[in-house]
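Please describe how the strands of this protein are arranged, and then what lines its main pocket. A short report with one table would be suitable.

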Amino acid sequence: MSGPYDDILDLPHHVSTTHPPMPMADRAAQFSPFAALTGYDDAIRETARRTDRRVEPSEEVLAMLDQKLRLLARQPGAAARFTWFVPDVRKAGGAYVTVEGVVRRIDTDARRVLLENGTLIPLDDVLEIEVLDE
């Protein structure tokens, strides 16, 4: 069997005297998948991330929330659990957050509640209030 490379097939492998051999980890990296679309995986993850729809409370729920806020205003240092909607900054929808704490101040003009731990809750986004100190 004779071929065009028969004269060099049995020669020893060349090892450079000026360049050190590449480490095996770096050699393997040259065969790793090429990411032609930088950021594509992040965009796919962001699209797949689920958000909740904002629920508009009924008139009955709004009346109950108003009643509970008045109760909290009459009880300084009362503890309560608030659930409110936080809009997502990147896509439509958001998430419902529940926080428990002691009410420091109810600002009816700015329509928000300040808890002692520093949490600021917008009243227009509140879905549920549970008064813990009754």
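In what order do the five strands of the open sheet lie, and is their pairing parallel or antiparallel? In this predicted model, the open sheet runs in the order E4-E3-E2-E1-E5, and its pairing is antiparallel. The edge strands, each pairing on one side only, are E4 (120-122) and E5, and from one strand to the next the twist averages 40 degrees.

At the E4 edge, strand E3 (residues 112-115) is joined to E4 by three bridges in the antiparallel sense, and within this part of the sheet Val-113 stands opposite Ile-121 in E4. Helix H3 lies across E1 (79-87), E2, E3 and E5, and its direction makes an angle of about 45 degrees with E5.

The largest pocket holds about 300 Å³ of space. It is lined by 19 residues, of which Leu-62, Leu-65, Leu-69, Arg-111 and Leu-123 are the closest to its centre. Helix H3 (59-74), strand E2 (94-107) and strand E5 (126-131) are the elements that each give two or more residues to this lining, and H3 provides the largest share, with five residues. The make-up of the lining by residue class is set out below.

| Class of lining residue | Number in the largest pocket |
|---|---|
| Nonpolar | eleven residues |
| Polar | one residue |
| Charged | seven residues |

Helix H3 thus appears in both parts of this description, as the element that lies across four strands of the sheet, E1, E2, E3 and E5, and as the source of five residues in the lining of the largest pocket.

Notes: Residues numbered from 1 in each chain as written. Predicted model: local features only at pLDDT ≥ 70, side-chain atom pairs only at ≥ 80, totals over all residues. Heavy atoms only, no water. 1 Å grid on protein atoms, 1.4 Å probe; cavity = no way out; pocket = protein on both sides within 12 Å on 5 of 7 lines; lining within 4 Å. Points joined across faces, edges and corners; volume = space filled by probe spheres on them. Nonpolar A, V, L, I, M, F, W, Y, C, P; charged D, E, K, R; others polar. Pairing = 2+ DSSP bridges. Axes fitted to C-alpha atoms, helices over the stretch in contact; angles between N-to-C directions. Contact = heavy atoms within 4.5 Å.
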